[in-house]
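Student: I would like a close look at one part of this model, with attention to how its helices and strands are arranged. Please define the terms as you go, and then go on to a few other places.

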Amino acid sequence: MGHDDHGRSREHGHAHAHEHGHAHEHDHAHDHEHEHAHEHEHTHGHGHGHEHTHAYEHGGHDHGDHEHSHGPPSRRASARPELARGAGKGKVLFLDAPSGLAGDMIIAALVDLGVPEVVVANAAAQVSISGYHVHFGTRVRSGVVAASFDVHLEAEQPERTYGEIRGLLDASRLPDEVKAIAHATFRRLAEAEAKVHRAPLDEVHFHEVGAVDSIVDVVGSAAALAHLGADLWVSPLPMGRGFVSARHGILPLPAPATVECLAGLTTYDGGIDFEFVTPTGAAIVGAHARGSSRWPTMTPERVGWGAGRKDLRDRPNMVRAVLGRAEGDLAGATHVVIEANVDDATGEIVAGCIEALFAAGALDAWAAPITMKKGRPALTVSALGPIHAEAALAAALLRESTTIGVRRHAVSRIERPRRVVEVATRFGELPVKIAEGPFGAPQIKPEYDACAAAAKAHGVAVREVLQAALVAASRLVE
């Protein structure tokens, strides 16, 4: 697994030096060269016997270069005016990350932007995990006072599989919108790990990012994003060099799961041996960013800064969150439609083109009959995809069809939160897609290909397998 943040040591075998003189021991068993060069020497004597989050306590902690302020936002000198829920609706939230990003940095930047601290702390408290507390504070980087966010462990934490983490989220008291965002983040990470380790999805072990600190980062960032409700964009991300010691052994940077999570987003060589982007940070933007942009066309309204733990020699270790009014194609756009009219292609060529469009990232692709000038029969070949896939879709359509030009237009799409679950039936484990949200009764659809394969193996009709999967899945949403 990858590191959990810019400086928080992860459970990668990195021996992290935290010397706590007080009764509770912050067992930060995750080390990553990224940011965890801080050594916490706590000599105060107060004990922490609690097993829940403390958003506004521990005022006596001395955390080195970051000045933690543990009072409510109104008592923090650096606090910005709070943003109301939904303040980002119809707007762009841009993460400018020249030094990369991690889960804690994203939360810090969004809190500095104006998301109330209590939104993050309360969300974490809705998940049945214990043995930690959280700190909100500040760090100074190149003269900029940036927010910081830290999760301190008070007890040894178990390793968790993706299936166990999904169960924690399902059983939590999180609002449906927050739960859906957190599910999507962890699924992005689980799919990346499953691909790297060739393991079944539910059995993927989160050695490092399954720890409490990473669960808090994912849930806290989900709550902050839901609170804002803006369209997320991210700058091209720097990729570091070198190696990191992980539970599975020595891994090259960027970590394999990080690269998988960033599929579809723009990256570049960061130039130094450093883990700029952590798996948690990569999963958050990989699952939720609309695309990459050097700087989107927008009118900035609010800015927040989130600091990493480690000082870098050649750049300030911060991420900047900018909230503003979208302009041009970004104004409400979430997806793009690429299309072209062709009147000289065979059915086989059009079928191959549609297949190539799906391979290039299309969410849907189709051909519709039209009549062109002089009564010529023709087809319009179209593809719908996320905005960041525009270039790849256009290239695929130009390469695979007979057209010499393509059209594009930006569109917006309202989606039901969805998840895929494995249900037990007499025909074996079968995947079922469940679409929920505030849109009436859930929609349940067994995955046809898997059901067809099970039907063939058991010598029964596909409809019998589909019905068995549907009945099993219906029990999960009753």
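Tutor: The account below takes two sheets and their helices, and then turns to some other contacts and local details.

This is a predicted model, in which local features need pLDDT of at least 70 and side-chain atom pairs count only at pLDDT 80 or more, while totals for chains, interfaces and linings use all residues. Residues are numbered from 1 along each chain as its sequence is written, and side-chain values use heavy atoms, with hydrogens and water left out.

Helices (H or I, at least four residues) and strands (E, at least two) are DSSP runs, numbered from the N terminus. An open sheet of 4 strands follows the order E17-E18-E16-E19 with antiparallel pairing, where two strands pair if DSSP finds at least two bridges between them. In general, the strands of a sheet pair through backbone hydrogen bonds, either parallel or antiparallel. Strand E17 (364–371) and strand E19 (407–411) are the edge strands, each pairing on one side only. Neighbouring strands of this sheet are turned against each other by 25 degrees on average, direction ignored; axes are lines fitted to C-alpha atoms, for helices over the stretch in contact, and angles run from 0 to 180 degrees between N-to-C directions. Strand E16 (residues 335–342) is joined to E19 by 5 bridges, and the two run antiparallel, with Ile338 standing opposite Arg408 in E19.

Two helices accompany this sheet. Helix H8 (residues 347–359) lies across E17 and strand E18 (377–386), running at about 145 degrees to E17. Helix H9 (residues 390–400) packs on the sheet and touches E16, E18 and E19, and its direction makes about 10 degrees with that of E16. Contact here means heavy atoms within 4.5 Å.

Next comes the second sheet, an open one in which 3 strands are arranged in the order E20-E21-E22 with antiparallel pairing. Strand E20 (418–425) and strand E22 (443–446) stand at its edges with a single partner strand each, so one side of each is left without a neighbour in the sheet. The average turn between neighbouring strands of this sheet is 30 degrees, direction ignored. Strand E21 (residues 428–435) pairs with E22 in the antiparallel sense over 4 bridges, and Val432 stands opposite Pro446 in E22. H10 lies across E21 and E22, running at about 155 degrees to E21.

H10 also has a helix partner: the axes of helix H10 (residues 448–458) and helix H11 (residues 462–474) come within 8 Å and cross at roughly 120 degrees. H10 and H11 are therefore oblique to each other, on a scale where angles under 35 degrees count as roughly parallel, over 145 as roughly antiparallel, 65 to 115 as roughly perpendicular and the rest as oblique. Their crossing is right-handed; a crossing is left-handed if the near helix is turned anticlockwise from the far one by less than a right angle, and right-handed if clockwise. Tyr448, Cys451, Ala452, Ala454 and Ala455 of H10 make this contact with Val462, Val465, Leu466 and Ala469 of H11. By class, the residues of the contact of H10 with H11 are 9 nonpolar, no polar and no charged, where Ala, Val, Leu, Ile, Met, Phe, Trp, Tyr, Cys and Pro count as nonpolar, Asp, Glu, Lys and Arg as charged, and the others, Gly among them, as polar.

Other helix contacts can be read in the same terms. Helix H1 (residues 103–113) and helix H5 (residues 212–228) pack at an angle of about 30 degrees with their axes 9 Å apart, and H1 passes H5 in a left-handed crossing. The contact of H1 with H5 has 7 nonpolar, 3 polar and 2 charged residues. The axes of H5 and helix H7 (residues 279–288) come within 10 Å and cross at roughly 30 degrees, which makes H5 roughly parallel to H7. H5 passes H7 in a right-handed crossing, and in this contact Ser214, Asp217, Val218, Ser221 and Leu225 of H5 meet Thr280, Ile284 and His288 of H7.

Two backbone details complete the account. Ser142, in the loop between E5 and E6, has a phi near 55 degrees, a positive value in a residue other than glycine. The peptide bond from Leu253 to Pro254 is cis, with omega near -5 degrees, and Pro254 is found in the loop between strand E12 (249–252) and helix H6 (256–261).
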